[in-house]
Amino acid sequence: MGIFQRTKKKETTQESFIDGLDLDRGNWFQVFSACLGKMMAIQTACSELVVKGQDWNVDFAEGTIRFGNRAYPIQFLGSESTADNTWLWGWENINGFSEEIIQLAQKTKEKGERFGLKPLTTAEFALDDTCHGHNLSIVTCGLAEKYCYYRGPHSGGAIFVAFSGVPKEVFAPVDMHKFISITAQCMQQFPIDHKLFAEGFLSWNRTEYDWNGHTLTAHFDEDLYMELEQAGECLRICSMTNRPSGTKSHGTKDRTESGDRG
């Protein structure tokens, strides 16, 4: 197709949004980059619509997490230990939990085996800046359908649970301004492959986009132009500009630029 390629809006499921992306599924960095935008949007909406700063309580016997007076069914993902600075996957099930609440962890292991992703198939390992509870939960829920996750701290570390049954608005597509805000936040906070991040986020969001060279045009109500530049082996977003669809002027109403971020 040359330098111009159009990606059409497809009726994707939450779990198949990465199917059309050109990524190495055995590469943790690439898979994490592709899942991050989706999960940041979901987690942000979940915080605003479900958690809302309320007290939490997990009941493993009941298989629920409560925020205030509302309960949601959980899947136990795993735990972080401050004693030895390690992560332990829920599918190892040293606590003897019901098989029903470790199904997602088990399915994640199976996906890891198919993809060749070692962090998803190693029962216990040392925490580091790349593989810790948050990032492992982002990939787990990112590769699954309609799950949020929560980190529950305790005296010995933290548990991580996924939960479902939340309002459908938590999984709703975001508008352009929310997309820009989440993208800028992720660029600041995480080392990521910006191209895969943008494509993964837009694919999950069901937003059509075009590539023309190193310019990605995302078709929201207004067009969003994302300029990328080569940064080592990856492409990096250096600016985001929006203007009404079909406008040829280079004037802008919203502009976000990125500098060096390690």
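## Two helices that cross

Helix H5 (residues 176-189) and helix H6 (residues 194-205) have axes that come within 12 Å and cross at roughly 150°. The crossing of H5 with H6 is right-handed. Everything described here comes from a predicted model, so please read it with that in mind.

Which residues bring the two helices together? On the H5 side they are Phe179, Ile182, Thr183, Cys186 and Met187, and these meet His194, Phe197, Phe201 and Leu202 in H6. By character, the residues of this contact divide into seven nonpolar, two polar and no charged.

## Thr183, a closer look

One residue of the H5 side deserves a paragraph of its own. Thr183 lies in helix H5, and is it buried or exposed? Its relative accessibility is 0%, and because buried means under 20%, Thr183 counts as buried.

Setting aside neighbours within four places in sequence, Thr183 is in contact with Phe197, Phe201, Met226, Ile237 and Met240. Phe197 and Phe201 belong to the H6 side of the helix contact, while Met226, Ile237 and Met240 are further contacts of Thr183.

## A hairpin after the helices

Next comes a pair of strands. Strand S9 (residues 209-212) and strand S10 (residues 215-219) pair in the antiparallel sense, over four bridges. If you would like to find one of the partnerships on screen, look at Asp210, whose bridge partner in S10 is Thr217.

How many residues sit between the strands of this hairpin? There are two residues between S9 and S10, and in this hairpin Gly213 takes a positive phi near 65°.

## Aromatic pairs

A search of the whole structure finds 16 aromatic pairs. One of them is formed by Phe67 and Phe163, with 5.5 Å centre to centre and 50° between the planes, which makes the pair tilted. This pair links distant parts of the chain: Phe67 is in strand S3 (residues 64-67) and Phe163 is in strand S8 (residues 157-163), 96 residues apart. Both partners are shielded by the burial criterion: Phe67 is buried, with a relative accessible area of 1%, and Phe163 counts as buried at 0% relative accessibility.

Strand S8 also contributes to another tilted pair, that of Tyr149 and Phe160. Here the rings are 6.4 Å apart centre to centre, with 35° between the planes. Tyr149 is in strand S7 (residues 148-154) and Phe160 is in strand S8, eleven residues apart. Tyr149 counts as buried at 7% relative accessibility, as does Phe160 at 0%.

Which residues form an aromatic cluster with Phe67 and Phe163? The other members are Trp56, Tyr72 and Tyr150.

## Asn135 and its surroundings

Our last stop is a residue in another helix. Asn135 is found in helix H4 (residues 133-142). Because its relative accessibility is 5%, Asn135 counts as buried.

What does Asn135 touch beyond its neighbours within four places in sequence? Its contacts are Trp28, Phe32, Asp129, Thr130 and Phe190. The spacing to Leu36 can be added to this picture: Asn135 and Leu36 are 99 residues apart along the chain, and their C-alpha atoms are separated by 8.6 Å.

Notes: Residues numbered from 1 in each chain as written. Predicted model: local features only at pLDDT ≥ 70, side-chain atom pairs only at ≥ 80, totals over all residues. Heavy atoms only, no water. Axes fitted to C-alpha atoms, helices over the stretch in contact; angles between N-to-C directions. Left-handed = near helix turned anticlockwise from the far one by under 90°. Contact = heavy atoms within 4.5 Å. Nonpolar A, V, L, I, M, F, W, Y, C, P; charged D, E, K, R; others polar. Pairing = 2+ DSSP bridges. Phe/Tyr/Trp six-rings, centres within 6.5 Å; stacked < 30°, edge-to-face > 60°. Buried < 20%, exposed > 50% of the residue type's maximum accessible area, 1.4 Å probe, protein only.
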